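Hi,

Here is the structure I promised to pass on. Have a look at it first, and then read on for what turned up in it.

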Amino acid sequence: MAVWASSFTTSICLILVASRLSPASGDIERNALNALKNNLVDPNNVLQSWGPTNASHCRWFHVTCNSQNNVTRVDLGNANLTGQLVPQLAHLRSLEYLELFANNLSGQVPNELGNLTKLVSLDLYLNNLSGPIPKSLGNLQKLRFLRLNNNSLSGNIPLSLTTIPTLEVLDLSNNRLTGVIPVNGSFSLFNNTSFANNDLVFPPAAPPPPLPPSPQSTSRGLLYFHTDRRGGGGPLRSVFNFSVIFRTRFDDWLC
């Protein structure tokens, strides 16, 4: 009995220690937002409410949470922020809207953003972002708005983006992208304006569909019947797959 009680006490202690070592979901999200803040220059103090002294990150300005106190929106568009995005943003697992457009952000788009599988809108346009578009963004299968225009992004357009079935708005214009524009999958919905002002190659236009067969055509061959002025007739010869045509050599009838 004493041995069982000792084992039970040890198990309880281990659980308590593990719970203290493993941060709660709210702490993970708070740390992720603070990592972003610490990597940005904020001359207008729009992030003044973000800090360790505040009781809940859900009460910070420009942050929206759901009923479970998980972050669903980060709205920092046109906030005059300078700096780089951080991979810790991937810890915001319930994030649906990441709005960081019209700032002075530089560096690359983190591959880790492909882990934000609930994301509906990714707006990073009008910044100074460079490097490739991450292939991992193809994992965002709920994404409806993808606007990366007016940056300095380079390389090919990842084919993985064409697998996003929900994509409604796409703007990759005014970058330094190269290669051939994909036209399959969801990209078939978008015209050239989504890709303008890059070094991209537009695919050739699809050939027109073949003409349907003429209703007058039959299974009989085109027959050629030669007749001269002496009344002699030549043999019938199959030429094309159309109806019978009698042709007369008029020059033989001329005097």
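A term you'll need before anything else: a nonpolar core here is a set of buried Ala, Val, Leu, Ile, Met, Phe, Trp, Tyr and Cys residues joined through side-chain atoms within 4.5 Å. Keep in mind, too, that this is a predicted model.

**The core**

The largest nonpolar core has 49 residues, and the members that touch the most others are Trp-50, Val-74, Leu-98 and Phe-195. Helix α2 (25–38) and strand β3 (71–75) each bring at least two residues to this core. The top contributor is α2, which gives four.

What does Leu-98 touch, once residues up to four places away in sequence are set aside? Its partners are Val-74, Leu-89, Leu-113, Leu-119, Ser-121, Leu-122 and Asp-123. Remember Val-74, which is another of the well-connected core members, and Asp-123, which comes back in a moment as half of a salt bridge.

**The salt bridges**

There are three salt bridges, and I'd go through them one at a time.

- Arg-147 and Asp-123 meet through their side chains at 2.7 Å, N to O. This pair links distant parts of the chain, with Arg-147 in strand β9 (residues 145–147) and Asp-123 in strand β7 (residues 121–123), 24 residues apart. Asp-123 counts as buried because its relative accessibility is 3%, while Arg-147, at 24%, counts as partly exposed.
- Glu-168 and Arg-144 form a bridge with an N to O distance of 3.3 Å. Glu-168 sits in the loop between β10 (152–155) and β11 (169–171), and Arg-144 in the loop between β8 (128–131) and β9, so the bridge ties together parts that are 24 residues apart in sequence. Glu-168 is partly exposed, with a relative accessible area of 47%, and Arg-144 is partly exposed as well, at 31%.
- Asp-75 and Arg-73 pair up at 2.9 Å, N to O. Asp-75 is partly exposed at 25% relative accessibility, and Arg-73 is partly exposed at 27%.

Arg-73 has a further partner to look at: it lies over the face of Tyr-97, at 4.2 Å from the ring centre.

**The aromatic pairs**

Next, the rings. How many aromatic pairs are there? The count comes to four. In one of them, Trp-50 and Trp-60 have ring centres 5.5 Å apart and planes at 25°, so this pair is stacked. These two tryptophans are 10 residues apart, and each lies in the loop between β1 (40–41) and β2 (63–65). Trp-50 and Trp-60 are both buried.

Phe-101 and Tyr-125 also pair: with centres 5.0 Å apart and planes at 5°, their rings count as stacked. Phe-101 belongs to the loop between β5 and β6 and Tyr-125 to the loop between β7 and β8, so the two rings tie together parts that are 24 residues apart in sequence. Phe-101 is partly exposed, at 22% relative accessibility. Elsewhere, ring pairs join Phe-187, Phe-190 and Phe-195 into a cluster.

**Two loop residues worth a click**

Asn-103 is in the loop between β5 (97–99) and β6 (104–107). Is Asn-103 buried or exposed? With a relative accessible area of 5%, Asn-103 is buried, because the cut-off for that label is under 20%. Its side chain reaches the backbone nitrogen of Asn-80 at 3.0 Å. Leaving out neighbours within four places in sequence, Asn-103 is in contact with Leu-76, Gly-77, Asn-78, Ala-79, Asn-80, Leu-81, Leu-126 and Asn-127.

The other one is Ile-157, in the loop between β10 and β11. Ile-157 counts as buried too, at 5% relative accessibility. Not counting residues up to four places away in sequence, Ile-157 touches Leu-172, Leu-177, Thr-178, Pro-182, Phe-187, Phe-195 and Leu-200. Two of those contacts, Phe-187 and Phe-195, are members of the ring cluster mentioned above. Ile-157 is also 8.5 Å from Lys-135, C-alpha to C-alpha, although 22 residues separate them in sequence.

If you want a place to start, pick out Trp-50: it is among the core members with the most contacts, and its ring stacks with that of Trp-60.

Cheers

Technical notes:
Residues numbered from 1 in each chain as written. Predicted model: local features only at pLDDT ≥ 70, side-chain atom pairs only at ≥ 80, totals over all residues. Heavy atoms only, no water. Buried < 20%, exposed > 50% of the residue type's maximum accessible area, 1.4 Å probe, protein only. Contact = heavy atoms within 4.5 Å. Salt bridge = Lys/Arg side-chain N within 4 Å of Asp/Glu carboxyl O. Polar contact = N/O pair within 3.5 Å; in protein donor to acceptor, adjacent residues only side chain to side chain. Phe/Tyr/Trp six-rings, centres within 6.5 Å; stacked < 30°, edge-to-face > 60°. Lys NZ or Arg CZ within 6 Å of the ring centre and 35° of its normal.
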